Amino acid sequence: MIRQLPAWFLMAAVSLFTDAARGQDPTVVDDSRAWVKHVVFEGAACMTAVAGQFGGDERLDIICNAGQITRLLIAPDWSEQVLERGEKYIHSAVMDVDRDGDLDYLAARYNPGLIVWMEQPESTAASDWHVRQVDDQVHGIHGLLTGDVDLDGRLDLLATSAQPKPPFPNSLAWFKAPDDPTSNQPWQRHVFAHQDAPGLTHYLGLGDVDGDGRPDAATGAKGGPQDASGLGEWFAWWAAPTDSTDRWTKHLIAAQQPGATNVHPADVNADGKMDFVASRGHGHGVVWFEAPDWVEHPIHPTIREPHCLVVQDLDDDGDMDAATCAFGDRLAVWFENDGLGRFVTHIVGREQEAYDIRAIDMDRDGDLDFLIAGRNSNNVVWYQNPRLR
């Protein structure tokens with residue numbers, strides 16, 4: 001685990017931020033000398049980047065959208081192939097849409113809303129990537145998330161419809177691919193949160209919150225000056241009904257959460273109950289909410305604009321950790337859970353801005369690295385985990 005790294009590059013734990021509002025300073029360890037930063041792309045603002053096997057071999061390649069160009073960056077030298085020009089995609093995901101054994105690419109334009117998927121071809125030619133529409137009727141698509149919503153063994157796609165704009169204002173939806181996704185048939189759209197998600201929702205989380213065996217959904221709404229309704233600044237989750245195509249039931253996690261963006265279900269303190277880990281990406285702080293009453297606990301309450309959030313077991317010790325790259329502080333960090341919901345902040349990299357982060361084993365050495373889409377850094381980078389290097 002990362003806590004067992006050689007002592008020569010570990011600095012003493014220091015508190016870099018104060019928390020006068022909540023009365024608790026986070027413990028911060030600077031590991032930034034140990035994590036090697038690899039620059040994959042430079043030259044344009046990048047909102048989203050994903051990794052997968054796209055180049056015809058076992059290496060992990062990267063697809064990003066930067067400068068309104070969707071680019072395939074092929075490892076190991078990151079040679080560039082242009083897949084599409086003229087669209088600015090704010091978020092993306094990967095899944096095997098056509099069930100042919102390889103990963104395809106999904107991307108979303110914010111407003112007017114558009115979701116597309118790009119079919120990975122058998123060849124390595126960029127011209128063979130076909131772009132097909134998933135939906136163009138939900139607007140304000142900030143979050144895309146894959147998951148088996150209806151428990152039929154096939155991945156579905158969830159998306160936000162965050163704009164107060166018809167036909168589905170202030171809503172959340174999930175989409176089911178047709179039996180033959182290459183036929184250009186429309187995907188089945190199911191609006192599960194109909195006009196009860198106001199305030200400019202952002203990213204989505206998915207997991208069985210209430211223990212009934214069905215995956216529930218969660219999101220946060222940032223509010224703020226762009227929210228004309230004044231109804232944002234909250235985290236909430238929606239309980240899935242027996243029939244996932246019906247309307248879902250909304251439950252508030254926490255109000256008065258300015259800048260709320262990300263919320264993921266996870267059992268943080270190993271008590272068998274599903275908690276939530278959340279970030280206020282247009283404000284300050286990463287926190288977790290303890291079930292069943294959603295008591296708020298700080299992880300790093302003062303980190304500025306942690307717009308992206310990963311929640312998973314990052315150090316392979318059996319508990320749930322988290323990571324972000326805060327564009328306000330220009331810091332990439334991960335939060336180590338002791339298994340009981342107490343966290344240590346580890347600095348991975350400095351002077352790196354981000355909109356998006358993914359935890360993935362980029363070098364295939366058995367540990368998780370971080371892939372970051374640098375918005376105002378105008379780059380795509382990945383940080384190499386030193387644990388097994």
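## A tour of the strands

Begin by selecting residues 171-176, which form strand S13, and then add strand S14, because S13 and S14 pair in the antiparallel sense over five bridges (helices, H or I of at least four residues, and strands, E of at least two, are DSSP runs, numbered from the N terminus, and two strands pair if DSSP finds at least two bridges between them). This is a predicted model, in which local features need pLDDT of at least 70 and side-chain atom pairs count only at pLDDT 80 or more, whereas totals for chains, interfaces and linings use all residues. Residues are numbered from 1 along each chain as its sequence is written, and side-chain values use heavy atoms, with hydrogens and water left out.

**Stop 1: the sheet around S13**

Pick alanine 173 and look across to S14, where its bridge partner is valine 191. Now widen the selection to the open sheet of four strands to which these belong, in the order S11-S12-S13-S14 and with antiparallel pairing. Strand S11 (144-147) and strand S14 (188-193) stand at the edges with a single partner strand each, so one side of each has no neighbour in the sheet. From one strand to the next the twist averages 25°, where axes are lines fitted to C-alpha atoms, for helices over the stretch in contact, and angles run from 0 to 180 degrees between N-to-C directions. As background, strands of a sheet pair through backbone hydrogen bonds, either parallel or antiparallel.

**Stop 2: another open sheet**

Select strands S3, S4, S5 and S6, which form an open sheet in the order S3-S4-S5-S6, with antiparallel pairing. The edges are strand S3 (46-52) and strand S6 (79-85), each with a single partner strand, so one side of each is left without a neighbour in the sheet. With direction ignored, neighbouring strands of this sheet are turned by 20° against each other on average. For a closer view, show strand S5 (residues 69-74), which is joined to S6 by six bridges and runs antiparallel to S6; arginine 71 has valine 82 in S6 as its bridge partner.

**Stop 3: strand S8 and its partners**

Next select strand S8 (residues 104-109), which is largely enclosed by the rest of the structure, because five of its six residues are buried (buried means under 20% relative accessible area, exposed over 50%, and partly exposed in between, with a 1.4 Å probe and protein chains only). Add strand S7 (residues 91-95), which runs antiparallel to S8 and is joined to S8 by five bridges, with alanine 93 standing opposite leucine 106 in S8. Then add strand S9 (residues 114-119), which pairs with S8 in the antiparallel sense over five bridges; here alanine 108 stands opposite isoleucine 115 in S9. S8 and S9 form a hairpin, with four residues between them.

**Stop 4: histidine 91**

Stay with strand S7 and pick histidine 91, whose place is in that strand. Is histidine 91 buried or exposed? Histidine 91 is buried, with a relative accessible area of 7%. If residues up to four places away in sequence are not counted, the residues that histidine 91 touches include Thr48, Leu106, His142, Tyr203, Asp356 and Arg358, a contact being heavy atoms within 4.5 Å.

**Stop 5: the cysteines**

How many disulfides does the structure hold? The structure holds zero disulfides, a disulfide being a pair of cysteine sulfur atoms within 2.5 Å. Select cysteine 64, which is in no disulfide, the nearest cysteine sulfur being that of cysteine 46, 4.4 Å away. Cysteine 64 counts as buried, at 0% relative accessibility. Cysteine 308 is also in no disulfide, and the nearest cysteine sulfur, that of cysteine 325, is 5.7 Å away; cysteine 308 is buried as well, with a relative accessible area of 3%.

**Last stop: the whole chain**

Zoom out and show the chain as a cartoon, where you will find zero helices and 29 strands. Buried residues make up 60% of the 389 residues, and the C-alpha atoms fill a box of roughly 60 × 50 × 40 Å, taken along the principal axes.

Finally, colour the chain by pLDDT, the predictor's confidence in each residue from 0 to 100. The mean pLDDT of the chain is 93, and 93% of its residues reach 70 or more. Over residues 1-23, however, the pLDDT is below 50, and this stretch has 51 contacts in the model beyond near neighbours in sequence.
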